[in-house]
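Reader: I would like a close look at one position and its surroundings. Please start there and then work outwards, giving the cut-offs as you go.

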Amino acid sequence: MTDAAPILVLALLAITFLQSGYDKIKDWKGNVEWLKSHFANTVLAKQVPQALMIVLLLEIVAGVLCVSGIIQLFVQQPVTKGLGYYGAIISCITLLFLLFGQRLAKDYDGARTIVIYFIPAVLAVFLLS
C-alpha cells in the first residue's frame with residue numbers, strides 16, 4: 001500500500017506548477033509586460049523574458065516529475081520514490097527562484113505567498129527522502 005501523504009503533496013505541486021506553466025504559455029506577452037513593470041527598478045529589468053523562460057521551464061519540469069512520481073508510487077513494487085523526490089527538489093528550487101524575484105522587487109506579500117507553497121514542497125522532499 002502506498003502512503004497517501006506523498007501522493008497528495010506531489011499532486012498539490014503538480015497542479016500548482018503545471019497550471020502556472022500553462023498560464024505563462026497561454027498569455028506569454030501579458031506575463032512579460034506585467035513582469036517588466038514589476039521588476040522595472042531591479043537588476044532583472046532587462047532580463048524579464050529570459051527569467052520568465054527559466055521559471056517556465058522549471059515549472060514544467062517540476063510538474064511533470066511530480067506527476068511521474070505519483071504514477072511511480074502507484075505502479076512500482078517495491079515502491080520507488082525517485083521521480084517524485086526529484087520533482088519535489090525542482091519544486092523547491094523553482095520556489096526559491098520565485099521568492100528571490102519577489103524579494104528583489106520588494107513585493108513582500110508575494111514573497112509570503114511563495115513561502116506558503118515552499119512548506120509543502122519541503123515536506124515532499126522529507127517524505128520522499
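Reader: Where does Val-9 lie?

Author: Val-9 lies in helix 1; helices here are DSSP runs of H or I with at least four residues, strands being E runs of at least two, and both are numbered from the N terminus. This is a predicted model, in which local features need pLDDT of at least 70 and side-chain atom pairs count only at pLDDT 80 or more, while totals for chains, interfaces and linings use all residues. Residues are numbered from 1 along each chain as its sequence is written, and side-chain values use heavy atoms, with hydrogens and water left out.

The relative accessibility of Val-9 is 11%, so the residue counts as buried (under 20% relative accessible area is buried, over 50% exposed, and in between partly exposed, with a 1.4 Å probe and protein chains only). Apart from residues up to four places away in sequence, Val-9 touches Pro-120, Leu-123, Ala-124 and Leu-127, contact being heavy atoms within 4.5 Å. One of these partners is distant along the chain: Val-9 and Leu-123 are 114 residues apart in sequence, yet their C-alpha atoms are 7.8 Å apart in space.

The next residue to consider is Leu-10. Beyond its neighbours within four places in sequence, Leu-10 is in contact with Cys-66, Gly-69, Ile-70, Leu-73, Gly-84 and Leu-128. Leu-10 and Leu-13 touch the most other members of the largest nonpolar core, which has 18 residues; such a core is a set of buried Ala, Val, Leu, Ile, Met, Phe, Trp, Tyr and Cys residues joined through side-chain atoms within 4.5 Å. At least two residues of this core come from each of helix 1 (4-26), helix 3 (48-75), helix 4 (82-104) and helix 5 (108-128). The greatest contribution is that of helix 1, with six residues. Separate from this core is a second one of six residues, among them Leu-35, Phe-39, Leu-52 and Ala-105. In soluble globular proteins, nonpolar side chains tend to be buried together.

Leu-128, one of the contacts of Leu-10, is in helix 5. Its relative accessibility is 5%, so Leu-128 counts as buried. Besides Leu-10, and again without neighbours within four places in sequence, Leu-128 is in contact with Pro-6, Leu-73, Lys-81, Gly-84 and Tyr-85. Between the C-alpha atoms of Leu-128 and Gln-72 the separation is 12 Å, for 56 residues along the chain. Gln-72 belongs to helix 3 and, with 12% relative accessibility, counts as buried. Its contacts, not counting residues up to four places away in sequence, are Thr-80, Lys-81, Gly-82, Leu-83 and Gly-84.

Helix 1 is also tied to helix 3 by a salt bridge. Glu-59 pairs with Lys-24, with 3.2 Å between the closest N and O atoms; a salt bridge is a side-chain nitrogen of Lys or Arg within 4 Å of a carboxyl oxygen of Asp or Glu. The pair links distant parts of the chain, since Glu-59 is in helix 3 and Lys-24 in helix 1, 35 residues apart. Glu-59 is buried at 2% relative accessible area, and Lys-24 counts as buried at 11%. The whole structure has two salt bridges. Arg-112 and Asp-109 form one of them, their closest N and O atoms being 2.1 Å apart. Both residues lie in helix 5, three places apart, about one turn of the helix, and both are exposed.

Helix 2 (residues 28-38) has Val-32, Leu-35 and His-38 as its buried residues. Around the axis they cover an arc of only 125 degrees, which puts them on the same side of helix 2; the arc is taken over the directions from the helix axis to the C-beta atoms. These buried residues pack against helix 3 and helix 4. On the face turned away from the buried side are the exposed residues Lys-29 and Ser-37.

Helix 3 also reaches the surface: five residues of a nonpolar patch, its largest share, come from this helix. The patch consists of Leu-18, Val-64, Val-67, Ile-71, Phe-74 and Val-75, together with about 530 Å² of accessible area. Val-67, in helix 3, is partly exposed at a relative accessible area of 33%. Patch members have over 30% relative accessible area and no salt bridge; like charges are joined within 9 Å, nonpolar side chains (Val, Leu, Ile, Met, Phe, Trp, Tyr) within 5 Å. Accessible areas come from the Shrake-Rupley method with a 1.4 Å probe, and for residues only the protein chains shown count as cover.
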